[in-house]
Amino acid sequence: MKKFLILFTITCMLSSCGEKISSTASLESSHKFSSIEAANNISKSLSQSSSNMAAETFSFVNPSGKTLAKRILTPKSYKRVKSKKRSFMTFLRNYKLKPDGSPVLLYNGNEKGNQSAHIAVFTLPIENEDLQQCADSIMRIYGEYYYKNKMYNKITFPIGNGFIADFDKWRKGFAISVNGNRISWVSSSRNNSGYNSFKRFMRIVFAYSGTLNIDNTSKKIKLSKARVGDIFVKGGSPGHVVMIADICKNADGKKAYLLAQGYMPAQEFQLLKNPLHEDDPWYYEDEIKYPLRTPEYSFEEGSLRRYK
């Protein structure tokens with residue numbers, strides 16, 4: 001009887017011990033897997049947090065950049081389209097900008113009322129009179145490009161009712177006479193190829209040309225064919241015009257565009273923000289729908305045109 005009781009007791013003890021060992025092992029295993037799962041969750045959380053922080057901290061503006069190409073960065077996975085050395089695209093990309101954060105100034109030196117439309121300001125000269133407005137800024141930047149490269153025969157602009165202002169003729173000793181609705185060439189020993197003479201020529205263009213002239217002498221194009229220098233324009237009084245200032249694209253061939261404008265009253269030429277995402281100034285191909293909304297004007301379908 002004693003032997004039986006002793007054996008029964010030992011069996012119970014061993015059984016109980018086994019349960020404890022099994023229970024302990026199960027508990028340790030549970031803790032082990034819970035720790036691994038927690039570590040994985042923390043790792044994922046940190047990874048997501050890092051990605052979010054990277055997205056939040058990415059800036060399209062390099063404050064130390066002195067030119068368009070150096071100041072405004074392309075979106076991730078996009079690259080600027082190739083440009084030839086003396087092209088208008090290269091000219092604009094290398095054009096100097098005012099220091100980052102500069103306000104847009106009016107022709108009289110006062111600050112423009114709306115300082116929320118631009119992300120950068122070009123150093124394009126502006127005269128001390130209310131002439132170099134939206135269309136005039138487009139003509140001025142084209143004129144400066146052709147003048148710098150001594151392509152004087154390209155510096156031509158329609159003014160009035162079909163008269164063509166031609167700097168190549170102007171610089172050879174002619175001037176433009178305006179008498180009421182009559183515009184004609186007259187002799188002038190004052191005019192030559194100098195920069196001051198060029199500025200006098202452009203002043204005449206500004207005074208007698210505008211968005212209607214640009215609209216009437218440009219042709220409609222498709223977005224797929226757009227290049228730097230093409231414009232969105234609405235001819236009229238008032239009308240408006242903005243220029244494509246740069247283009248980039250991704251590996252799939254999708255493009256994005258930067259837009260620039262002058263405005264009224266006469267003011268500095270400026271690179272525009274995109275109202276859809278103000279921290280990112282690029283206008284993406286898939287976003288361009290009509291009416292196309294820019295910070296200060298909306299353009300209807302058919303407004304994309306080639307001017308020069």
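Which residue forms a salt bridge with D168? In this predicted model, select D168 together with K172, and the pair appears as a salt bridge whose closest N and O atoms are 3.5 Å apart. Colouring the two residues by accessibility separates them, since D168 has a relative accessible area of 17% and is therefore buried, whereas K172, with a relative accessible area of 57%, is exposed.

Next, select R305 and D215, whose side chains meet in a salt bridge at 3.4 Å from N to O. This pair links distant parts of the chain, with R305 in strand 15 (residues 304-306) and D215 in helix 7, 90 residues apart. Both R305 and D215 are buried.

From there, move to K254 and D286, which form a salt bridge with 3.3 Å between the closest N and O atoms. K254 lies in the loop between strand 9 (240-250) and strand 10, and D286 lies in the loop between strand 12 (283-284) and strand 13 (292-294), so the pair ties together parts of the chain that are 32 residues apart in sequence. K254 is partly exposed, with a relative accessible area of 33%, and D286 is likewise partly exposed, its value being 49%. One further selection completes this theme: R80, R93 and D246 are joined into one network by salt bridges that share partners. Over the model, the count of salt bridges comes to 12. As background to these pairs, side chains of opposite charge can pair when their charged atoms come close.

Now select helix 4, residues 134-148, and view it from the side. Its 15 residues reach 22 Å from the first C-alpha to the last, which is close to the 21 Å expected at 1.5 Å a residue. Is this helix largely enclosed by the rest of the structure or left open? Because 14 of its 15 residues are buried, helix 4 is largely enclosed by the rest of the structure. Following the chain onward from helix 4 brings the viewer to K150, where phi is positive, near 55°.

Return to the start of the helix and pick C134, which counts as buried because its relative accessibility is 7%. C248 can be displayed alongside it for reference, and this cysteine is buried as well, with a relative accessible area of 0%. A search of the model for disulfides gives a count of zero.

S209 is the next residue to select, and it is found in the loop between helix 6 (195-208) and helix 7 (211-216). At 11% relative accessibility, S209 counts as buried. Display its side chain together with the backbone of P158, and the side chain of S209 is seen to reach the backbone oxygen of P158 at 2.8 Å. Apart from neighbours within four places in sequence, S209 is in contact with D136, M139, P158 and I159.

The last stop is M264, in the loop between strand 10 (255-261) and strand 11 (270-272). What is the relative accessible area of M264? The value is 37%, so M264 is partly exposed. Setting aside neighbours within four places in sequence, the contacts of M264 are with Q133 and P238. To relate this loop to helix 4, draw a distance between the C-alpha atoms of M264 and A135, which are separated by 9.8 Å although the two residues lie 129 residues apart along the chain.

Methods: Residues are numbered from 1 along each chain as its sequence is written. This is a predicted model: local features need pLDDT of at least 70, side-chain atom pairs count only at pLDDT 80 or more; totals for chains, interfaces and linings use all residues. Side-chain values use heavy atoms; hydrogens and water are left out. Helices (H or I, at least four residues) and strands (E, at least two) are DSSP runs, numbered from the N terminus. The expected span of a helix is 1.5 Å times one less than its number of residues. Buried means under 20% relative accessible area, exposed over 50%, partly exposed in between (1.4 Å probe, protein chains only). A disulfide is a pair of cysteine sulfur atoms within 2.5 Å. A polar contact is a pair of N or O atoms within 3.5 Å; within protein, one must be able to donate a hydrogen and the other to accept it, and residues adjacent in sequence count only if both atoms are side-chain atoms. Contact means heavy atoms within 4.5 Å. A salt bridge is a side-chain nitrogen of Lys or Arg within 4 Å of a carboxyl oxygen of Asp or Glu.
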